[in-house]
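Let's take a walk through a protein together. Please have the sequence and the 3D view open, and follow along at your own pace.

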Amino acid sequence: MSRNPPKNTYPNGFDGVLEQMGKRMAPIAYGEDEAPFPLDLPLGPLKDKPIHLEAPELGRSISPYARKYRELAREFHGRSALLHLHGLLIAHSRRDAQPDHFPALFCRLWDEQSEFLLEHLDARWLVSAATTFGDHGLTPEQRQLGQTLSVLFNTMKLYETERLYSGHPADHPFPLDQRSEGNLPMQMDAFSITGGGLDVNMLGRLWQQSEQDSTIRPLAQRLLSLLIEDDKTVFRRLRTMRTRKLKRMKKAGVRMKSDRAGRAIEVPSYLHKPPGSLHSWATVSLVKAPVQQIARFAAHHLELGASEVQLYLDDAQPGVATYLGAHPRVHVTECDATFWKAQKRPRMDSHQQRQVWVATKAYHFSKADWLTHIDVDEYLLPAQDDAQGMQALLGSTANHKAGIRLLPAEMLASDTPEALFKLLPKLAASPIPPEDLYPNFGNVLPFGFLSHTKGKIMLRTGLDGVRLGVHTAMQGGFDINNLHRPKDAFVGHAHAPDWDSFLSHLEYRLTRGSYRKNEDERMQLQDILNFMRQEDGDAGLRLFYDEMCKATPELTRKLEAQGLLLRRRLDLDAKALKHFGPLPDVPEARDG
């Protein structure tokens, strides 16, 4: 049975779209005694020169240039000739061709006179300027940002025009109880009014891109500022709807994650430490990994001076608890059916929920001064890699601070004796575009990390009502935020230390682990990996892995130049042998 071809919004499909789009006007021709403005035209004097609507300087000329000149003179009558010049350059740029030097003159105009242009041009002309940058910018940054801004504001013009026919004023959000049950086009999920991040992610990314080019930056940031200041946009309406919906949900007793604001909590005086005191500290982890990996993890922290390493075995294997628990500072709990039967709630399906449960349980029974909740593939990295380094870190934390926030350092795949870790780009010695470090994927993974970017917390023990999360600690439903943030101590994450490890964990992470998308609005790691795998299989994944995770000479050189490379001699196997002796003959834990 034959099917009728789908109806097209535009006749002849994209052939018709491109044909119509290509009907640009002929270049603006000049008369016999007329010539384009030169590239070295003095711009300063034009600011104080007024334009007359009759343009007497053109005499009787009726050339296409003269007609366009007079048309713009009528709009800018009595105003600065610099604004008139700006309009002429944009008009030329809309035609099939323009004088070769006009793009450079346009960019020079914005480079030298942006403050004047921003003060005297309205938003309509500013959007036109952004479009001109998109078509004729001198750098890739100018063209990319200009095109994106042009699409944003032209799309706004389309949907805001249609909205006029709804009968609702532009500054009036739609009622919350009149939502249609229909689906969005192209199988898109609807934007989450209460928790969606599409709006801030989109606008924030544009703001970050504007920082990469000094010529277009003033224009882009003025347009974005005007956008979020205007009360007649979809952005303002959605934010108003979000506020109203959250109030309604709060009144009904429903608490959203977005309600979890942070706050400083009081550290009781009896928890204060005099200067020079020794601090005891411990780790807690829910682990499902080969015994050698667990032993290396535990030994590293024992070597740093941990008073206790608390290990909760999520998938206990015979002999593992006996082997690890033989160490006097290692406490092992097998999370089997007997363990969960003794808890106040049955075993949770989510690995993360189980992590939070055992970490909080350990916190309230810990005898150490400090406790940190970290994973088996994470390693504390104080500035000085020994027990004294940990004491220096804890001792430098003021008594009113409830804890320490350690930023992550992600391990690179390397065959060097030293372990190499990359740091977050925000710690760079100078601002650096992500694409400079990661040419193919930096634009969609701006932090350059496959794993978490929040880091981990070390928290003082003895605080009432505390619940330990994976990356946070909470009291009374609020994130604790009076935290010390050291600049020279990190938590190293061996997330994908080699290709085989990355590949073996990939399916779990994509479907149930850290690569799953929390929202559907913007491209995330899951999308990239699925695309690369669908296009080129393992070869595509390998291309991604080598750029993002491998310590290539070029990447390490760039990272080191920006102060984003951390070198550590971990010697994990030697530490494991020292603290635990030879490994027992036990099967490996299942992946998870």
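We will start with the whole protein and then visit helices, rings, strands and two single residues.

First, some ground rules: this is a predicted model, in which local features need pLDDT of at least 70 and side-chain atom pairs count only at pLDDT 80 or more, while totals for chains, interfaces and linings use all residues. Residues are numbered from 1 along each chain as its sequence is written, and side-chain values use heavy atoms, leaving out hydrogens and water.

Now zoom out. The C-alpha atoms of the protein fit in a box of roughly 100 × 60 × 55 Å along the principal axes. The protein contains 20 helices and 15 strands; these are DSSP runs numbered from the N terminus, with helices being H or I runs of at least four residues and strands E runs of at least two. Of the 592 residues, 46% are buried. Here, buried means under 20% relative accessible area, exposed means over 50%, and partly exposed is in between, using a 1.4 Å probe and protein chains only. The protein exposes about 32,000 Å², and carbon and sulfur atoms supply 52% of that area; accessible areas come from the Shrake-Rupley method with a 1.4 Å probe, and for residues only the protein chains shown count as cover. Contact means heavy atoms within 4.5 Å. Among contacts in the protein with a separation of 6 or more, 73% are between residues 24 or more positions apart.

Next, look at two helices. Helix α9 covers residues 217-229, and its 13 residues should span 18 Å at 1.5 Å a residue, which agrees with its end C-alpha atoms being 18 Å apart. The expected span of a helix is 1.5 Å times one less than its number of residues. In α9, the buried residues are L219, A220, Q221, L223, L224 and L227. These buried residues pack against α5 (102-120), α6, α7 (140-163), α8 (198-210) and α10 (234-251). Helix α3 has twelve residues and reaches 17 Å from its first C-alpha to its last, close to the expected 16 Å. Its buried residues are Y65, A66, K68, Y69, R70, L72 and A73, and their cover includes α4 and α6.

Two tyrosines of α3 bring us to the aromatic rings. Ring pairs link Y65 and Y69 with Y30 into a cluster. How many aromatic pairs does a search of the whole structure find? The search finds twelve. Rings of Phe, Tyr and Trp (its six-membered ring) pair if their centres lie within 6.5 Å; planes under 30 degrees apart count as stacked, over 60 as edge-to-face and the rest as tilted. The rings of F76 and W125 have centres 5.6 Å apart and planes at 45°, so this pair is tilted. F76 lies in the loop between α3 (64-75) and α4 (81-93), and W125 in helix α6 (residues 123-136), so the pair ties together parts that are 49 residues apart in sequence. F76 counts as buried at 1% relative accessibility, and W125 is buried at 8%. The rings of F339 and W340, by contrast, have centres 5.1 Å apart and planes at 85°, so they are edge-to-face; both residues are buried.

Now for the strands, which pair if DSSP finds at least two bridges between them. One open sheet of four strands has the order β1-β12-β11-β10, with mixed pairing. Its edge strands, β1 (262-263) and β10 (466-468), each pair on one side only. Strands β11 (residues 473-475) and β12 (residues 478-480) pair in the antiparallel sense over two bridges, and M474 has D479 in β12 as its bridge partner. Elsewhere, β6 (residues 378-381) runs antiparallel to β14 (residues 490-493), joined by four bridges. E378 and L380 point one way from β6, Y379 and L381 point the other way, and all are buried. L380 stands opposite V491 in β14.

V491 leads us to our first single residue. R405 and V491 are 86 residues apart in sequence and 9.5 Å apart in space, C-alpha to C-alpha. R405 is found in strand β7 (residues 403-411) and counts as buried at 13% relative accessibility. Not counting residues up to four places away in sequence, R405 touches ten-odd neighbours that can be picked out on screen, including K454, H471 and R485.

Finish at L311, in strand β3 (residues 308-313). L311 is buried, with a relative accessible area of 0%. Leaving aside neighbours within four places in sequence, the contacts of L311 include V287, F297 and V332.
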